[in-house]
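The report that follows takes up the packing of helices in one chain and then turns to single residues within that packing. Please keep the sequence and the model in view while reading.

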Amino acid sequence: MKKPPELFLWILVVGILLWPMGYALTADLLAGFWQEVASGMIGTAAALIGGIPMALYIDRVIKHREEEKRAKENLVSERNLLRLIKEELEVCQSMIEERNANPATLPIQPLKSDLWHALSNSGKLQLISNHSLLNDIASMYYLVDLVRNIEAMAYRAARSATVSFGGGKTATQLLFEDARRFDNLLSTSFEEVFSGINAHLLN
């Protein structure tokens, strides 16, 4: 079925072709009308009939190539973006391992998630075509930010007035313990996300 613009062009061509014929049948024309006028109109109509489909075909070819080019560019951008996300999460994984190795030490450097938030705010995450993978990554960063915020509160509590709660533990100790409760879940989630990213990059 022809699209509306193509249908309109065909109607226009047929109208141009039929107009001299109709005019010749209703008007008192000289004997040379067909040779002098109609033949030229028919030639013009024939040129339009041959030229319009060709122009439309060329336009479709150009648009198809542009779409293919954009798709390839988006694929390259998506792969680069996933590699950057993986690198940031690998930094977080290393930091969690250091925390597990030194459970009594309050970390000063927070978990890294600045790249993720920059990509989210800029709208670049729409480049990730695998929505299931995007959901896994977003869930991973939710945990990272959760631990990051708890550790930030623990650090502020350590620099504030010391208050002891039940069991003689301070706010800093309680918050730090809360943060460490997520370490096992983080470790498992890291591996799942890395596996998903690697599988997507290989496709």
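## The pairing of α4 and α5

In this predicted model, the axes of α4 and α5 come within 8 Å and cross at roughly 165°. An angle over 145 degrees counts as roughly antiparallel, and α4 and α5 are therefore roughly antiparallel to each other. The crossing in which α4 passes α5 is left-handed.

On the α4 side, the contact is made by Val147, Ile150, Glu151, Met153, Ala154, Ala157 and Ala158, while α5 contributes Ala171, Thr172, Leu175, Phe176, Asp178, Ala179 and Arg180. Sorted by class, the residues of this contact comprise 10 nonpolar, 1 polar and 3 charged.

## The buried face of α5

Helix α5 spans residues 171-180, and its buried residues are Thr172, Leu175, Phe176, Ala179 and Arg180. Viewed down the axis of α5, these buried residues fall within an arc of 140°, so they line one face of the helix. The general geometry is helpful here: an α-helix has 3.6 residues a turn, so residues three or four places apart point the same way.

Each of the buried residues Thr172, Leu175, Phe176, Ala179 and Arg180 is also listed among the α5 residues that make the contact with α4.

## Ala179 in detail

Is Ala179, a residue of helix α5, buried or exposed? Its relative accessible area is 0%, and because buried means under 20%, Ala179 counts as buried. Leaving aside neighbours within four places in sequence, Ala179 is in contact with Val147, Ile150 and Glu151, and these three residues also appear on the α4 side of the contact between α4 and α5. Between Ala179 and Arg148 the C-alpha to C-alpha distance is 8.1 Å, although the two are 31 residues apart in sequence.

## The pairing of α4 and α6

Helix α4 (residues 131-158) also meets helix α6 (residues 183-202), and here the axes come within 10 Å and cross at roughly 150°. That angle makes α4 roughly antiparallel to α6, and the crossing of α4 and α6 is left-handed.

In this contact, Leu133, Asp136, Ile137, Met140, Leu143, Val144 and Val147 of α4 meet Leu185, Leu186, Ser189, Phe190, Val193, Gly196, Ile197 and His200 of α6. By class, the contact of α4 with α6 has 11 nonpolar, 3 polar and 1 charged residues. Val147 of α4 takes part in this contact and is likewise among the α4 residues that make the contact with α5.

## Leu106 in the loop between α2 and α3

Leu106 lies in the loop between α2 (33-101) and α3 (114-122). With a relative accessible area of 24%, Leu106 is partly exposed. Not counting residues up to four places away in sequence, Leu106 touches Ala154, Tyr155, Ala158, Thr172 and Phe176; of these partners, Ala154 and Ala158 belong to α4, and Thr172 and Phe176 to α5. Leu106 and Ala154 are separated by 48 residues in sequence, yet their C-alpha atoms are 8.1 Å apart in space.

## The chain as a whole

The chain holds 6 helices and 0 strands, and from the N terminus on its elements run α-α-α-α-α-α. Of the 203 residues in the chain, 27% are buried. Among contacts with a separation of 6 or more, 73% are between residues 24 or more positions apart.

Note on methods: Residues are numbered from 1 along each chain as its sequence is written. This is a predicted model: local features need pLDDT of at least 70, side-chain atom pairs count only at pLDDT 80 or more; totals for chains, interfaces and linings use all residues. Side-chain values use heavy atoms; hydrogens and water are left out. Buried means under 20% relative accessible area, exposed over 50%, partly exposed in between (1.4 Å probe, protein chains only). Helices (H or I, at least four residues) and strands (E, at least two) are DSSP runs, numbered from the N terminus. The arc is that of the directions from the helix axis to the C-beta atoms. Contact means heavy atoms within 4.5 Å. Axes are lines fitted to C-alpha atoms, for helices over the stretch in contact, and angles run from 0 to 180 degrees between N-to-C directions. Angles under 35 degrees count as roughly parallel, over 145 as roughly antiparallel, 65 to 115 as roughly perpendicular and the rest as oblique. A crossing is left-handed if the near helix is turned anticlockwise from the far one by less than a right angle, and right-handed if clockwise. Ala, Val, Leu, Ile, Met, Phe, Trp, Tyr, Cys and Pro count as nonpolar, Asp, Glu, Lys and Arg as charged, and the others, Gly among them, as polar.
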